[in-house]
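Welcome, and please have your viewer ready. We will go from selection to selection, with a short note on what to look for at each stop.

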Amino acid sequence: MAGKGVVRIETDWGQATGFIVGITEGGGAYVLTNYHIVEDAKEVEVEGEEASTYTATRLGYDAYKDLAVLQICCGTFFALTLQGSDTIAVGTEVIAIGYPLGIAGSPTVTRGIVSAYRYDDDYRSWVIQTDASINPGSSGSPLLLANGEVAGINTFYIRDRNGTSIEGVNFAISSQSIRESLPRLKEGDQITLPTQAAPEWHEYSHSHSGLALEVPTDWTIDGQEEGRLDLVSPDGTAAVHVFLYDSPAASLEAWVQETIVSLREYHADLFEIIDQFIEIDEDGNGAAAILYRARTSPEFCTTLRSHLFVTAVQVSLIVETRVCEEFEEELMPALERIVKSMLLE
């Protein structure tokens with residue numbers, strides 16, 4: 001029965017999940033989903049039961065909790081009920097219902113238990129950790145109790161430093177925190193993340209590769225692993241990752257095509273290519289770049305990302321940059337300065 005209240009969210013550049021949390025006086029419905037799913041979308045549509053499609057109006061959002069409320073009209077809708085209590089016991093069985101990987105047809109059901117329940121300062125929310133499988137596209141889906149009540153909204157999962165999701169470590173914003181925010185989100189309240197301050201800079205030399213570059217003083221630097229360098233802003237809203245190789249790809253064209261295929265698989269729910277280019281100079285040195293938008297947990301933002309492959313006589317390297325689009329204007333110059341200082345060396 002609960003599946004009747006789960007809906008597919010379609011934007012102009014991705015698919016995800018949401019669920020109905022209330023019926024309006026005019027015969028419409030309120031839909032709850034993740035903010036990162038709809039924050040930059042030009043158009044948002046909601047596909048309900050029997051494949052009925054509705055154009056959605058965005059009401060309020062909370063960028064910290066990654067919550068957004070949509071409104072659709074009009075039809076016959078089934079609203080899910082939020083869990084009545086403020087706590088949930090570790091070991092409680094839970095069920096996730098969503099639309100992973102944009103697969104057509106009925107929603108997919110996975111089962112698990114509550115592994116932990118804690119307050120997270122970064123997300124300003126009570127968060128449920130569960131081992132119920134949450135795949136790309138299932139963001140915004142309900143995490144249900146056995147009685148059909150909503151324990152939380154599935155929001156993010158943890159990846160290791162190589163970008164692989166860690167099995168059995170998934171998180172949902174709890175119904176306790178949803179109930180605190182839902183009334184004002186229905187009224188159109190909007191909570192954004194703070195703006196970023198301009199960084200100070202210092203020079204850094206990577207001992208393994210000999211690369212020399214400029215880095216903001218408050219960024220985290222991890223250069224311990226040979227062949228890899230990671231630079232991350234204090235709040236995780238921007239980063240530069242460098243990977244060095246002994247030999248170049250078969251061709252820049254091949255690298256572009258192979259990388260795009262890989263990125264589409266990795267960012268299955270929210271991914272859009274913005275631009276790409278290939279350049280080769282008179283000495284045979286070349287560079288290829290792919291600029292794209294994506295959504296990657298655990299950051300609660302849509303990211304503007306790029307992959308740059310540079311091949312020269314002495315070195316071949318891939319530079320990946322990412323920045324939350326909300327902070328693009330403030331932080332993109334910093335990313336460009338880091339990359340340019342590295343390549344000029």
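The tour below has four stops in a predicted model.

**Stop 1: Thr11**

Start by selecting residues 6–11, which make up strand 1, and pick out Thr11 within that strand. Is Thr11 buried or exposed? Its relative accessibility is 14%, and because buried means under 20%, Thr11 counts as buried. Now show what surrounds this residue: setting aside residues up to four places away in sequence, Thr11 touches Ile37, Ala41, Glu43 and Val44. Add Glu45 to the selection and draw a distance between C-alpha atoms: Thr11 and Glu45 are 34 residues apart along the chain, yet their C-alpha atoms are separated by 6.3 Å.

**Stop 2: strand 3 and its partners**

Next, select residues 29–33, which form strand 3; five of its five residues are buried. Turn on the side chains and look along the strand. Which residues point which way? Ala29, Val31 and Thr33 point to one side, while Tyr30 and Leu32 point to the other, and all are buried. This fits a general pattern: in a regular strand the side chains alternate between the two faces of the sheet.

Extend the selection to residues 14–23, and you have strand 2, which runs antiparallel to strand 3 and is joined to it by four bridges. One pair to label is Ile23 with its bridge partner Ala29 in strand 3. The two strands form a hairpin with five residues between them, and in the turn you will find Gly27, whose phi is positive at about 90°.

Then bring in residues 67–72, strand 7, which also runs antiparallel to strand 3, with five bridges between them. Here, label Tyr30 and Gln71 of strand 7, which stand opposite each other.

**Stop 3: Cys73 and Cys74**

Select Cys73 and Cys74 and show their sulfur atoms: a disulfide joins the two, with an S to S distance of 1.5 Å. The count for this model comes to one disulfide. Colour by accessibility if you can: Cys73 is partly exposed at 47% relative accessible area, and Cys74 counts as partly exposed at 40%.

**Stop 4: Ser233**

Finally, jump to Ser233, in the loop between strand 18 (228–232) and strand 19 (238–245). This loop residue is buried, with a relative accessible area of 4%. Show the backbone of Thr237 too: its nitrogen lies 3.2 Å from a polar atom of the Ser233 side chain. To complete the view, add Trp219 and Ala238, which Ser233 contacts when neighbours within four places in sequence are left aside.

Methods: Residues numbered from 1 in each chain as written. Predicted model: local features only at pLDDT ≥ 70, side-chain atom pairs only at ≥ 80, totals over all residues. Heavy atoms only, no water. Buried < 20%, exposed > 50% of the residue type's maximum accessible area, 1.4 Å probe, protein only. Contact = heavy atoms within 4.5 Å. Pairing = 2+ DSSP bridges. Polar contact = N/O pair within 3.5 Å; in protein donor to acceptor, adjacent residues only side chain to side chain. Disulfide = S-S within 2.5 Å.
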